[in-house]
Amino acid sequence: MEPGGRGHDHAEPERDGRFPRRGGSQEGPTGGGATPPRGGAPAPREAAGLTAATATVAEPVAHPALPARVRRRRPPPEARPTGRRLAVLSLTALGVVYGDIGTSPLYAFKECFAPDYGLRPTVPTVYGVLSLIVWALILVVGVKYVVLVMRLDNRGEGGILALLALVQQTGRRRTALGRRAVVSLGLFGAALLYGDGVITPAISVLSAAEGLEVASPAFARSVIPLTLLILCVLFFFQKYGTERIGDVFGPIMLVWFATIGGLGATQVARDPAVLGALNPWYALRFMRAHGGPGLLVLGAVVLAVTGAEALYADMGHFGRRPIRLVWFAGVLPALLLNYLGQGALVLRQPAAVENPFYLLAPRAFLYPLVALATVATVIASQALISGAFSLTQQCVQLRLSPRVSIVHTSRTAPGQIYIPAVNGALLVGCLLLVVGFRSSGALAAAYGVAVTGTMAITTALFYVIARTRWNWSVARAGTLAGAFMTIDLAFLGANIVKVERGGWVPLAIAAAVFLGMTTWNRGTTLLRGVLAQAAVPLDRFLTQVEGTRPPRVPGTAVFLTPPMEGAPPLLVLHLSHNKALHEAVILLSIIVEDEPDVTDDRRLVVERLPLGFTRARAHYGFMETPDIPDVVARCGGLGVAADPERTTYYLGRARLLPTGAAPMARWRKRLFAFMARNASSEPDFYGIPPNRALELGAQIEL
């Protein structure tokens with residue numbers, strides 16, 4: 001169950017005879033019969049689970065020609081941008097990175113005074129809650145994520161899967177059990193992000209629409225339909241990408257933060273004493289005075305720091321410096337002013353606790369504020385949706401998910417992708433949450449569990465990295481990680497009690513995603529073992545080809561295969577049925593590294609073999625999408641015959657049977673086979689022209 005891993009192959013199990021590191025689809029390389037064909041092909045060795053081939057040659061499917069492939073690798077972020085470049089990156093980061101945390105004032109402070117907590121808006125209580133929010137922003141977001149966790153980059157990339165891949169690279173691994181525990185922890189943290197990705201658009205847009213109720217109670221019945229409409233429009237336009245409108249996200253969010261900061265500053269100016277809440281003593285006194293209920297209110301306080309993981313995940317787009325600059329110079333001051341302003345308003349008008357954010361604004365400015373808040377929450381939701389697309393792409397690469405259809409919506413920005421399956425699932429999930437919970441207050445009970453769980457897991461992985469890569473002592477790493485883990489577990493404990501009131505939703509989503517990830521990873525590992533057993537030693541295969549001299553037809557044949565030393569079963573099966581070989585044969589393996597991208601000088605390793613055979617190994621990072629025709633063209637540049645118009649790609653389509661002796665429960669084998677059958681088309685995924693692809697079939701027992 002080990003994703004990533006330097007030097008592991010990424011050949012897919014489904015249609016083609018390869019078992020990728022990249023998420024394969026249903027079937028692995030075909031097996032081959034037990035008797036040698038007349039053409040001289042040796043029979044593949046029998047393996048437990050690879051049955052006699054029921055091979056059929058699939059006719060090429062005539063599809064429209066594929067459009068030109070966009071470049072997959074984006075340039076790494078600049079280490080120390082300055083001047084105009086720094087300003088541009090900072091403004092863009094403001095629109096992409098801080099949308100989620102920037103829209104938290106819509107509901108975070110209000111939820112701290114929800115009836116479930118039984119808090120009255122008295123001076124000690126308001127100051128205590130404000131102090132908790134202020135120091136959560138400073139310690140969790142500022143110190144933990146912006147200062148420390150962002151140092152844990154994987155060649156410029158951030159996010160929990162990049163962090164997990166970084167852990168995988170470490171050489172100091174004590175036991176296999178410990179390594180599996182760390183990997184499982186990281187995978188569950190990634191799975192929790194999908195739960196967060198479903199809830200964030202729903203609660204953000206719903207909380208913005210609820211501002212209409214503040215303007216006029218007559219709009220109460222319109223909140224839910226309007227929220228559903230906005231979400232449907234948002235997800236519908238995902239397929240067009242954000243290239244054209246992405247440039248305005250930064251300026252809009254700049255207006256948003258200036259607005260919420262200004263509204264808060266107006267109230268603070270009327271009651272400057274509220275600045276006393278910056279003193280952490282009020283938070284400590286609040287916790288001591290309220291005991292258990294004071295601890296439970298942390299379940300609402302944590303809503304103020306949702307989106308902290310986005311800072312880390314988006315590091316690869318902008319780099320550390322712009323993200324840190326924007327946080328300390330703009331976002332943090334605006335958030336503090338707004339929360340303090342809400343507190344000052346509630347102390348002066350206790351009834352405003354029902355919706356203090358919108359009541360900060362003069363009545364004449366209320367409708368424009370609702371419109372601005374709606375646009376800001378759409379931008380925040382867009383960042384979460386794009387993050388889910390990117391996370392899924394990484395899962396496919398790291399062999400944690402079957403292939404999915406990935407559409408690149410921009411020819412100039414490789415990171416802009418659209419995944420229809422994920423988009424549809426998120427849309428359905430968001431609509432169900434809005435209809436089921438019907439208010440941002442109710443949804444707040446479901447929010448927080450996923451966020452705090454991911455935060456705690458990030459802290460645990462931080463400790464592992466500090467010990468294994470930075471060589472910190474146990475005392476140094478343990479002290480720092482222990483302090484943050486104490487905060488994380490306090491937030492997590494306060495949210496666990498909300499499981500029955502909606503917190504089960506992100507946990508159920510995470511459990512389902514985690515099951516899919518581990519099943520796919522385990523299944524592809526077992527399948528690769530079956531295929532390796534069925535491989536014929538390459539020297540034996542070449543010797544028999546030389547002895548029997550099958551006819552050689554003009555052109556080049558490309559067989560995608562795991563990086564095994566033997567002749568792949570797909571090649572043997574092809575020769576056994578067609579009794580001929582192409583003049584040039586390329587055995588191509590795709591290897592995914594535990595790095596976000598691979599430089600061109602490390603991209604391709606070619607080994608020339610006798611009788612017109614070539615073994616090629618193409619290396620990719622987990623943020624890249626392999627482009628098979630590009631690899632073949634590179635082989636041509638190294639002297640291998642590879643005319644695109646005379647190249648045929650051989651893919652394997654196998655039927656997986658859950659009846660073998662592989663050590664996995666039968667129900668999980670069935671789940672793996674189901675996932676494999678529903679993987680996306682291999683030619684489309686790898687950019688292989690459909691009219692140049694042939695398929696061979698077999699059935700394989702796991």
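**Exercise 1. Pairing in the E5–E6 hairpin**

Task: In this predicted model, which residue of E6 is the bridge partner of Val 605?

Solution.
- Start with the bridge. Val 605 pairs with Arg 617 in E6.
- Look for another pair. Glu 607 has Arg 615 as its bridge partner in E6.
- Now take the strands as a whole. E5 and E6 (residues 613–620) run antiparallel and are joined by five bridges.
- Finish with the turn. Four residues lie between the strands of this hairpin, and Leu 611 has a positive phi near 60 degrees.

**Exercise 2. The other neighbour of E6**

Task: Which residue stands opposite Arg 617 when E4 is paired with E6?

Solution.
- Find the strand. E4 covers residues 581–592 and is joined to E6 by eight bridges.
- Check the direction. E4 and E6 run parallel.
- Read off the residue. Ser 589 stands opposite Arg 617.
- Put the two exercises together. Arg 617 is also the bridge partner of Val 605.

**Exercise 3. The whole sheet**

Task: What is the order of the six strands in the open sheet, and which strands stand at the edges?

Solution.
- Write the order: E5-E6-E4-E3-E7-E8.
- Note the pairing. It is mixed.
- Go to the ends. E5 (604–608) and E8 (693–701) each have a single partner strand, so one side of each has no neighbour in the sheet.
- Add the twist. From one strand to the next, it averages 25 degrees.

**Exercise 4. The faces of E6**

Task: Are the residues of E6 buried or exposed?

Solution.
- Recall a rule. Side chains in a regular strand alternate between the two faces of the sheet.
- Take one side of E6. Phe 613, Arg 615, Arg 617 and His 619 are buried there.
- Take the other side. Thr 614, Ala 616, Ala 618 and Tyr 620 are buried too.
- Conclude. Eight of the eight residues of E6 are buried, so the strand is largely enclosed by the rest of the structure.

**Exercise 5. Helix H23**

Task: How many of the ten residues of H23 are buried?

Solution.
- Locate the helix. H23 spans residues 569–578.
- Count. Eight of the ten are buried, and the helix is mostly covered.
- Name them. They are Pro 569, Leu 570, Leu 571, Val 572, Leu 573, His 574, Leu 575 and Ser 576.
- Step past the end. Lys 579 follows H23 and has a positive phi, near 60 degrees.

**Exercise 6. Two helix pairs**

Task: Are H4 and H14 roughly parallel or roughly antiparallel to each other?

Solution.
- Get the geometry. H4 (residues 123–148) packs against H14 (residues 320–348) at about 170 degrees, with the axes 10 Å apart.
- Apply the cut-off. Angles over 145 degrees count as roughly antiparallel, and H4 and H14 are therefore roughly antiparallel.
- Inspect the contact. Among its residues are Leu 130 and Ile 133 of H4 and Trp 327 and Phe 328 of H14.
- Sort the contact. It has 19 nonpolar residues, two polar and one charged.

Task: What angle do H19 and H20 make, and what kinds of residue form their contact?

Solution.
- Take the angle. H19 (residues 449–468) and H20 (residues 474–496) pack at about 170 degrees, and their axes are 9 Å apart.
- Draw the conclusion. H19 is roughly antiparallel to H20.
- Sort the contact. It divides into 15 nonpolar, five polar and two charged residues.
- Pick out some members. They include Phe 462 and Arg 467 in H19, and Phe 484 and Asp 488 in H20.

**Exercise 7. Cysteines**

Task: Why is Cys 430 not bonded to Cys 232?

Solution.
- Recall the bond. A disulfide is a covalent bond between the sulfur atoms of two cysteines.
- Check the distance. The sulfur of Cys 430 is 9.9 Å from that of Cys 232, its closest cysteine sulfur, which is too far for a bond.
- Check the total. The structure holds zero disulfides.
- Compare the surroundings. Cys 430 is buried, with 0% relative accessible area, whereas Cys 232 is partly exposed at 32%.

**Exercise 8. Far in sequence**

Task: How many Å separate the C-alpha atoms of Arg 321 and Pro 81?

Solution.
- Place Arg 321. It lies in H14 and is partly exposed at 29% relative accessibility.
- Give the distance. The two C-alpha atoms are 7.5 Å apart, although 240 residues separate them along the chain.
- Widen the view. Among contacts with a separation of 6 or more, 82% join residues 24 or more positions apart.
- Close with totals. The protein has 26 helices and eight strands, and 59% of its 702 residues are buried.

Note on methods
Residues are numbered from 1 along each chain as its sequence is written. This is a predicted model: local features need pLDDT of at least 70, side-chain atom pairs count only at pLDDT 80 or more; totals for chains, interfaces and linings use all residues. Side-chain values use heavy atoms; hydrogens and water are left out. Two strands pair if DSSP finds at least two bridges between them. Axes are lines fitted to C-alpha atoms, for helices over the stretch in contact, and angles run from 0 to 180 degrees between N-to-C directions. Angles under 35 degrees count as roughly parallel, over 145 as roughly antiparallel, 65 to 115 as roughly perpendicular and the rest as oblique. Contact means heavy atoms within 4.5 Å. Ala, Val, Leu, Ile, Met, Phe, Trp, Tyr, Cys and Pro count as nonpolar, Asp, Glu, Lys and Arg as charged, and the others, Gly among them, as polar. A disulfide is a pair of cysteine sulfur atoms within 2.5 Å. Buried means under 20% relative accessible area, exposed over 50%, partly exposed in between (1.4 Å probe, protein chains only).
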